[in-house]
Amino acid sequence: MQLSTRLQLFNEPETLKMAKLGRELRAKGIDVIDLSLGEPDFDTPQHIKDAAKKAIDDNYSHYTPVAGYPDLREAVCVKLKRDNGLDYKPENIIVSTGAKQSLANAVWAVVSKGDEVVIPTPYWVTYSEIVKLGEGVVKLVSTSIENKYKITPAELEEALTDKTRLFMFSSPCNPSGSVYSKQELEALAVVFRKYPNVYILSDEIYEYINFVGKHESIAQFDDLKDRVIIINGLSKGFAMTGYRLGIVAAHPDVVKACEKLQGQLTSGTNSITQRAAIVAFTGDLRPSQEMNKEFERRKKRVLEIMNGIEGFKFAEPDGAFYVFPTVSQYFGKTDGEEVIKDADDLCMYLLNKAHVSTVTGRAFGEPTAIRISFANSMEKIEEAWKRIIAALAKLK
Ligand code: PMP
């Protein structure tokens, strides 16, 4: 069957592929523990669920404005002021069907064919694929584990050129868990000031999953703010991945461009979710803070376990819910049946022999590492790591 050439521009997400393989094994009756997917294992907070139920009873069942209900866009401004000290107006805000759509809208709104997009590695799988689908040119920049996989001003300066249209990063970062401090962002801002045509996409979807304190946004620097595009949403901090709502906060021209794209693709996002989002963004944050505490407890335990694994090299995650150890010390080793050539092989080995699903670092632009989530119960985490350790010990 002849399908479009557009499909060849990009790959399917490795994260979803691993989850699919895990499900297939589970369907055969094998007890696979999923440490591959990036979603909180908690329930959505009650006050938000109540708002969603009320929205159904109040008959929020019609098409919504493409950019979102006006009172939701207002609520997002309230959140940005309350949590981040940022002043935005509703004209700066558009909501979409998940942060993934917000990212796609934003990238396609500012990147033209042949424009360079600088992405520090490791990065979230979807960034590069969205850029390729938009006919931009992906320029990956390696960072070092010694600097917790955060780009330095010198590395940034080296990467930016007159052809650069966009810089994309996440803080807290998926997959590395690194979190940029105000001082680190300020140092990057000095470089960005020299490149006034570069947009800065700041993906802050993991804002509430932070183990080092206050979340800092690069939009706080007033002279850069007009070209910063903030991405955020409900999925991670409120355990609402299935509700599908993401936000863009940006210059009104960027917002209008996103609205134009969205108007031909999905229209306004789900009405029930939008009503629930108003309560999420302006309501009680304690349930999110409780989830964060539990993630921190698990992180501590996982680090304790990983410290006992000889040869594992990793940077301690300061946010999000993943560990990202380098595993190259296992390359070339075998359990007598399978030879581990690279991180892909190691992930498949852990899936088939330990029945634990993880994700290869190659998908995130860091082929020496693998990503292992701790968004699962402590009991499952303990069991999964026991299996991982036993499987790794067989590699000689
Ligand atoms: N950005 C990052 C860094 C993510 O990890 C994810 C989800 N894995 C998203 C964006 C997309 O989130 P959403 O569920 O809102 O589409």
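**Helix packing and unusual backbone geometry**

In this predicted model, helix H10 (residues 286-307) packs against helix H12 (residues 378-393) at an angle of about 15°, and their axes lie 11 Å apart. Because angles under 35 degrees count as roughly parallel, H10 and H12 are roughly parallel to each other. Their crossing is right-handed. On the H10 side the contact is formed by Arg298, Arg301, Val302 and Ile305, and on the H12 side by Met378, Ile381 and Trp385. By character, the residues of this contact comprise five nonpolar, no polar and two charged.

As to confidence, the protein chain has an average pLDDT of 96, with 100% of the residues scoring at least 70. The model has an ipTM of 0.99 and a pTM of 0.97.

The backbone also merits attention. Most residues other than glycine have a negative phi, and most peptide bonds are trans. A cis peptide bond nevertheless links Thr121 to Pro122, with omega about -5°; Pro122 sits in the loop between strand E3 (116-121) and helix H5 (126-133). Another cis peptide bond links Ser171 to Pro172, with omega about -10°, and Pro172 belongs to the loop between strand E5 (164-170) and helix H7 (182-192).

Positive phi values occur at Ala239, about 55°, and at Ser267, near 65°; neither residue is a glycine. Ala239 is found in the loop between strand E7 (228-233) and strand E8 (246-249). Ala239 counts as buried because 21 other C-beta atoms lie within 10 Å. Ser267, in the loop between helix H8 (252-265) and helix H9 (271-282), has 12 C-beta neighbours inside 10 Å and therefore counts as exposed.

Terms used: Residues numbered from 1 in each chain as written. Predicted model: local features only at pLDDT ≥ 70, side-chain atom pairs only at ≥ 80, totals over all residues. Axes fitted to C-alpha atoms, helices over the stretch in contact; angles between N-to-C directions. Helix = DSSP H or I, 4+ residues; strand = E, 2+ residues; numbered from the N terminus. Parallel < 35°, antiparallel > 145°, perpendicular 65-115°, else oblique. Left-handed = near helix turned anticlockwise from the far one by under 90°. Contact = placed C-beta atoms within 7 Å. Nonpolar A, V, L, I, M, F, W, Y, C, P; charged D, E, K, R; others polar. pLDDT = per-residue confidence, 0-100. Buried ≥ 20, exposed ≤ 12 C-beta atoms within 10 Å, placed from the backbone.
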